[in-house]
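Okay everyone, thanks for coming. Could you pull up the structure on your screens so we can walk through it together?

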Amino acid sequence: MTKYLVTAATGAVLLAFSAVGASAAYACNGNVCWVVKEKYTYPAESKVIVREETWKPTPDITIRESGQGRGYYKGGTWTSW
C-alpha cells in the first residue's frame with residue numbers, strides 16, 4: 001500500500017510542476033489580444049499590456065493568433081521587432 005502512495009504522490013508533484021511550466025498570458029494592444037507563452041518586455045512605443053493567464057477577455061476584445069516570432073499587433077498588422 002505504501003508503494004502505491006509514494007507513486008501517487010510522485011505523480012502529483014510531477015503534474016504540478018508541468019502545469020507551472022505550461023502557463024500562458026495575454027498580450028494586448030488596444031482591444032486586440034493574443035496568447036503569449038513568453039512574457040517579453042515590449043518596446044514602449046508598442047503600448048502592449050501583458051495580462052496574466054487568469055484574465056478573461058470581454059466581448060469587445062478580439063483574440064488573434066500570434067504572428068511569427070517576437071512581435072505585436074499594430075492595428076491589424078503583426079509587427080516584428
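I'll go through a pocket, then some aromatic rings, then a few loop residues.

One thing before we start: this is a predicted model, so please keep that in mind throughout.

Let's begin with the largest pocket. How much space lies in it? About 160 Å³. As for who lines that pocket, the list runs W34, V35, V36, K37, E38, Y40, Y42, S66, G67, G69, G71 and W78. If you sort that lining by character, you get 6 nonpolar residues, 4 polar and 2 charged. And which strand gives the largest share of the lining? That's β2, with 3 residues. In case you're hunting for β2 on your screen, the strand covers 32–36.

Hold on to two names from that pocket list, Y40 and Y42, since both come back in the next part.

So, the aromatic rings. The count here comes to 8 aromatic pairs. Take Y42 with W81: the two rings make a tilted pair, 5.1 Å from centre to centre, with 45° between the planes. What I like about this one is that the pair links distant parts of the chain. Y42 is in the loop between β2 and β3, while W81 is in the segment after β6 (77–80), and 39 residues separate the two. Are these partners buried or exposed? Y42 has a relative accessible area of 11%, so that residue counts as buried. W81 is at 31%, which means partly exposed.

W81 also pairs with Y72, and again the arrangement is tilted: 6.2 Å centre to centre and 50° between the planes. Y72 is buried, because its relative accessible area is 7%. Now put it together: Y40, Y42, Y72 and W81 form one aromatic cluster.

Staying with rings for a moment, there are charges sitting over some of them. The charged end of R70 is over the ring of Y40, 6.0 Å from the ring centre, and Y40 is one of the cluster members I just named. Elsewhere, R64 lies over the face of Y73, at 5.3 Å from the ring centre.

Okay, on to the loops. Look at S46 and K47. S46 is in the loop between β2 and β3, and K47 is found in the loop between those strands too, with β3 covering 49–51. Why does S46 count as buried? Because its relative accessibility is 3%, and the cut-off for buried is under 20%. K47 has 64% relative accessibility, so K47 counts as exposed. S46 also has some contacts further along the chain: leaving out neighbours within four places in sequence, S46 is in contact with N29 and Y72. Yes, that's the Y72 from the aromatic cluster.

K47 has a backbone quirk as well. Most residues other than glycine have a negative phi. K47 is not a glycine, yet its phi is positive, at about 60°.

Last stop: N31, in the loop between β1 (25–29) and β2. With a relative accessible area of 38%, N31 is partly exposed. Which residues does N31 touch, not counting those up to four places away in sequence? D60, I61 and T62. And here's one more for N31: G75 is 44 residues away in sequence, and the C-alpha to C-alpha distance between the two is 9.5 Å.

That's my tour, thanks for listening!

Methods: Residues are numbered from 1 along each chain as its sequence is written. This is a predicted model: local features need pLDDT of at least 70, side-chain atom pairs count only at pLDDT 80 or more; totals for chains, interfaces and linings use all residues. Side-chain values use heavy atoms; hydrogens and water are left out. Helices (H or I, at least four residues) and strands (E, at least two) are DSSP runs, numbered from the N terminus. Buried means under 20% relative accessible area, exposed over 50%, partly exposed in between (1.4 Å probe, protein chains only). On a 1 Å grid over the protein atoms alone, a cavity is a set of points where a 1.4 Å probe fits but cannot get out, and a pocket is an open set with protein on both sides within 12 Å along at least five of seven lines; lining residues have an atom within 4 Å of a point. Grid points are joined across faces, edges and corners, and a volume is the space filled by probe spheres set on the points. Ala, Val, Leu, Ile, Met, Phe, Trp, Tyr, Cys and Pro count as nonpolar, Asp, Glu, Lys and Arg as charged, and the others, Gly among them, as polar. Contact means heavy atoms within 4.5 Å. Rings of Phe, Tyr and Trp (its six-membered ring) pair if their centres lie within 6.5 Å; planes under 30 degrees apart count as stacked, over 60 as edge-to-face and the rest as tilted. A charge sits over a ring if NZ of Lys or CZ of Arg is within 6 Å of the ring centre and within 35 degrees of the ring normal.
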